[in-house]
Amino acid sequence: IRDTWKAFELLGFLRLREKYGVELINLTEEELVEVNIDDGHFFQKIHVPKILTGEKLLISAAKLKTHSSEKMTCSLKNLFGLLPEKNKYIYHPHLNKVLFDIMRIFNPALNVVDGIYAMEGGGPIGGKVRKAGVLVVGDNVIATDIIAAKLMGFGPLEIPCLLYTSDAAD
């Protein structure tokens, strides 16, 4: 689903808003500000939703799932959703560089990977649901994904974005 409000509806978030007064924010509708990225690997500057800047406590809540080209997507790939563009697919050829830059701007204080039910196989869409019964929680996005990778049977350096971030950090 590429329509945030439709996703909110299908996931039951609109009912939560009505019942409990939960505030829903569609980042594609928010005011943007320009952020410079010193020594960016893909971006030198980027426009991000203003609401995400300043003193904020960012929590990443991702699903444990496999991905046909990336092996898996968890906390680090979840940050991709912070880009306000509706057509983020244009960044996929440079995904590892893009994720590295996003991580440098938005570093979650808490990363939660929900693996109670996980996806395996041809993800992110065509995989199969598997009851894994795990939650991975950490305060470091890379370390959290390393543990998630190991739980899925992957070596961390088999995951393209983890390999890239480890090389780029050197």
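How many helices and strands does the protein chain have? In this predicted model, the protein chain contains six helices and six strands. Followed along the sequence, these elements are arranged in the pattern α-α-β-β-β-β-α-α-β-β-α-α.

The overall dimensions of the chain were considered next. The C-alpha trace of the protein chain extends over about 40 × 40 × 30 Å along its principal axes. The radius of gyration is 16 Å, which agrees with the value near 15 Å that would apply to a compact globule of 170 residues. Of the 170 residues in the protein chain, 36% are buried, and the area that the chain exposes amounts to about 10,200 Å², with carbon and sulfur atoms supplying 53% of it. When contacts between residues at least 6 apart in sequence are taken, 53% of them join residues at least 24 apart. The chain carries 20 positive and 21 negative charges, and the mean positions of these two sets are 8 Å apart.

Aromatic side chains were examined across the whole structure, and the search returned six aromatic pairs. One of these is formed by Phe8 and Phe13, whose rings are tilted, with 5.9 Å from centre to centre and 45° between the planes. Phe8 has a relative accessibility of 12% and therefore counts as buried, since the limit for that class is under 20%, whereas Phe13, with a relative accessible area of 32%, is partly exposed. Another pair consists of Phe42 and Tyr91, which meet edge-to-face at 5.8 Å centre to centre and with 85° between the planes. This pair links distant parts of the chain, given that Phe42 belongs to the loop between strand 1 (32-36) and strand 2 (45-49), while Tyr91 belongs to the loop between helix 3 (75-78) and helix 4 (95-105), 49 residues apart. Phe42 is partly exposed at a relative accessible area of 31%, and Tyr91 is buried at 10% relative accessibility. In addition, Phe8 and Phe13 join Trp5 in one aromatic cluster.

Two buried positions within strands were then described through their surroundings. Ile46, in strand 2, has a relative accessible area of 4% and is accordingly buried. Apart from residues up to four places away in sequence, Ile46 touches Val33, Glu34, Val35, Ile37, Leu83 and Ile105. The C-alpha atom of Ile46 is separated by 23 Å from that of Pro160, a residue 114 positions away along the chain. Gly115 is located in strand 5 (residues 110-122) and is likewise buried, with a relative accessible area of 0%. Once neighbours within four places in sequence are set aside, the contacts of Gly115 are with Leu64, Ala132, Gly133, Val134 and Leu135. Between Gly115 and Ala148, which are 33 residues apart in sequence, the C-alpha to C-alpha distance is 8.7 Å.

A position in a helix was treated in a similar way. Asn96 is part of helix 4, and its contacts beyond residues up to four places away in sequence are Glu70, Pro160, Cys161 and Tyr164. The C-alpha atoms of Asn96 and His41 lie 9.1 Å apart in space, although 55 residues separate the two in sequence.

Backbone angles were also inspected. Most residues other than glycine have a negative phi. Asp39, which is not a glycine, nevertheless has a positive phi of about 55°. This residue, Asp39, is placed in the loop between strand 1 and strand 2 and is exposed, with a relative accessible area of 67%. Lys71, which is not a glycine either, has a positive phi of about 75°. In contrast to the loop position of Asp39, Lys71 lies in strand 4 (residues 71-73), and at 35% relative accessibility Lys71 counts as partly exposed, because that value falls between the limits of 20% for buried and 50% for exposed residues.

Conventions:
Residues are numbered from 1 along each chain as its sequence is written. This is a predicted model: local features need pLDDT of at least 70, side-chain atom pairs count only at pLDDT 80 or more; totals for chains, interfaces and linings use all residues. Side-chain values use heavy atoms; hydrogens and water are left out. Helices (H or I, at least four residues) and strands (E, at least two) are DSSP runs, numbered from the N terminus. The radius of gyration is taken over C-alpha atoms; the globule rule is 2.2 Å times the number of residues to the power 0.38. Buried means under 20% relative accessible area, exposed over 50%, partly exposed in between (1.4 Å probe, protein chains only). Contact means heavy atoms within 4.5 Å. Accessible areas come from the Shrake-Rupley method with a 1.4 Å probe; for residues, only the protein chains shown count as cover. Lys and Arg count as positive and Asp and Glu as negative; His and the chain ends are not counted. The place of a charge is taken as NZ of Lys, CZ of Arg, CG of Asp or CD of Glu. Rings of Phe, Tyr and Trp (its six-membered ring) pair if their centres lie within 6.5 Å; planes under 30 degrees apart count as stacked, over 60 as edge-to-face and the rest as tilted.
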